[in-house]
Amino acid sequence: MGVEINAQQTEDSEYVNTVNRITLEVHKRILAPWLYSDFIYYLSCWRKTIHKCGQPYYIDFSNQVIRDRKQHYRNIKTGQNHEDVYLGKRKKMAFLDLLLECSENGGNLTDEEIREEVDTFMFEGHDTTSVAICWTLYHISNHPDCQEKIYEELQSILGDSDRSPTIMELNEMKYLERVIKESLRVHPSVPLIGRILKQDVQIDGYTLPEGLILTTIIPSIHHDEETFPDPEEFNPDNFLPERVAARHPYAYIPFSAGPRNCIGQKFAILEEKMILSYIIRRYKLHSSGIESLPGPDIILRSQNGFHIKITPR
Ligand code: HEM
């Protein structure tokens, strides 16, 4: 969005906590079909609960991000602000600037619609990736052989230097990519996706009627023995090119599939590689022996946290 929120400096972020509380409540609603009707939902105490979770704060936060960036954008246009890390050096616009430009140049986006886009990107962009990084670190800590291979690959690409990798170097990290993908297979950050049928669909002699809400349970697809023999085993070789080519393209869908799939998937993998390579180059991860258990939520968090021992290399 082009706005600094200093997430690295604050251990306890109200925004992150609010997102956690809201996603948990949304998941509870998914499991309570009697609350699917908006009429009942708004009458029930759940509405109040979501409010209590901090929904007003969440909306204010996004609105503030938009207001700040709007002001910044106007200052740039009127020549009052020449220094811009996002626009100046890289000559690339932040995503939010593009949205603002669209709306200011006679585009069709209302303030509300801009906020919804900002909410979607901020939510989809941070929680999914951070959870994926946590599960990957967890799996690496439990598989020293796999950790060694990642380290060797990083050494061969970056040697002993401690600078950040370039995009080209990130693309060379093939083994690390297989580890990231395998971790998303075993623990996909988004466990459920929903769709409403726009027309009747025939499956196995049954007619699923138009209007039906369908839920795809991604972990079930990823743990199908026919596609992944020994599905509970963490095995990055599942993503060797020949094995990927032999599978149905929808047998592995951590980023969903079809026209509404994840718009940030390539970015997410690069982001993960950047952070994971940074950690593995400097630290060794060791298993604590404590199993992390996925909890019920719309994001696949661990309900008991991630207990990993870390020592400097
Ligand atoms: C490991 C990280 C990520 C995972 C596992 C993930 C997963 C997903 C999934 C499963 C969906 C589809 C939901 C559906 O079909 O209903 C989705 C949609 C989306 N994701 Fe991601 N995502 C990740 C990272 C990101 C990042 C980094 C961004 C943005 C920078 C992002 C932006 C979006 C957006 C905007 C959508 C909605 C697309 C649409 O509705 O057309 N995601 N993501």
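**Close-up views of salt bridges, the ligand site and a surface patch**

A search of the whole structure finds 13 salt bridges. The model is predicted. The legends below take selected sites one by one.

**View 1. A salt bridge joins arginine 69 and aspartate 97.** The closest N and O atoms of this pair are 2.9 Å apart. Arginine 69 sits in helix α4 (residues 55–77), and aspartate 97 in helix α6 (residues 95–104). The two are 28 residues apart, so the pair links distant parts of the chain. Both arginine 69 and aspartate 97 are buried.

**View 2. Glutamate 169 pairs with arginine 163 in a salt bridge.** Here the closest N and O atoms are 2.7 Å apart. Glutamate 169 has a relative accessible area of 12%. Buried means under 20%, so glutamate 169 is buried. Arginine 163 has 39% relative accessibility and therefore counts as partly exposed.

**View 3. Arginine 301 forms a salt bridge with aspartate 297.** The closest N and O atoms of arginine 301 and aspartate 297 are 3.1 Å apart. Aspartate 297 counts as buried because its relative accessibility is 6%. Arginine 301 is buried too, with a relative accessible area of 17%. Elsewhere, Glu112, Arg115 and Asp119 are joined into one network by salt bridges that share partners.

**View 4. The side chain of arginine 301 also makes polar contacts with asparagine 20 and aspartate 127.** Arginine 301 lies in a loop, between β5 (283–287) and β6 (308–312). The contact with the side chain of asparagine 20 is 3.1 Å. The contact with the side chain of aspartate 127 is 3.1 Å.

**View 5. A shell of 22 residues surrounds the ligand.** The closest are Glu124, Arg195, Ser256, Arg260 and Cys262. Three elements each supply at least two shell residues: α7 (111–142), β1 (192–196) and α13 (265–282). Helix α7 gives the most, with 7 residues. By class, the shell holds 10 nonpolar, 8 polar and 4 charged residues.

**View 6. Polar side-chain atoms of glutamate 124, arginine 195 and arginine 260 approach the ligand.** For glutamate 124, an N or O atom of the side chain is 3.4 Å from a nitrogen atom of the ligand. For arginine 195, a polar side-chain atom lies 2.7 Å from an oxygen atom of the ligand. For arginine 260, an N or O atom of the side chain is 2.7 Å from an oxygen atom of the ligand. Glu124, Arg195 and Arg260 are among the closest residues of the shell.

**View 7. Six residues make a nonpolar patch on the surface.** They are Val26, Ile30, Leu31, Tyr36, Ile196 and Ile213. The patch covers about 550 Å². One of its members, valine 26, lies in helix α1 (residues 14–30). Valine 26 counts as partly exposed because its relative accessibility is 32%.

Notes: Residues numbered from 1 in each chain as written. Predicted model: local features only at pLDDT ≥ 70, side-chain atom pairs only at ≥ 80, totals over all residues. Heavy atoms only, no water. Near = heavy atom within 4 Å. Polar contact = N/O pair within 3.5 Å; in protein donor to acceptor, adjacent residues only side chain to side chain. Helix = DSSP H or I, 4+ residues; strand = E, 2+ residues; numbered from the N terminus. Nonpolar A, V, L, I, M, F, W, Y, C, P; charged D, E, K, R; others polar. Patch = residues over 30% accessible without salt bridge, like charges linked within 9 Å, V, L, I, M, F, W, Y side chains within 5 Å. Areas by Shrake-Rupley, 256 points an atom, 1.4 Å probe, with all protein chains shown as cover. Salt bridge = Lys/Arg side-chain N within 4 Å of Asp/Glu carboxyl O. Buried < 20%, exposed > 50% of the residue type's maximum accessible area, 1.4 Å probe, protein only.
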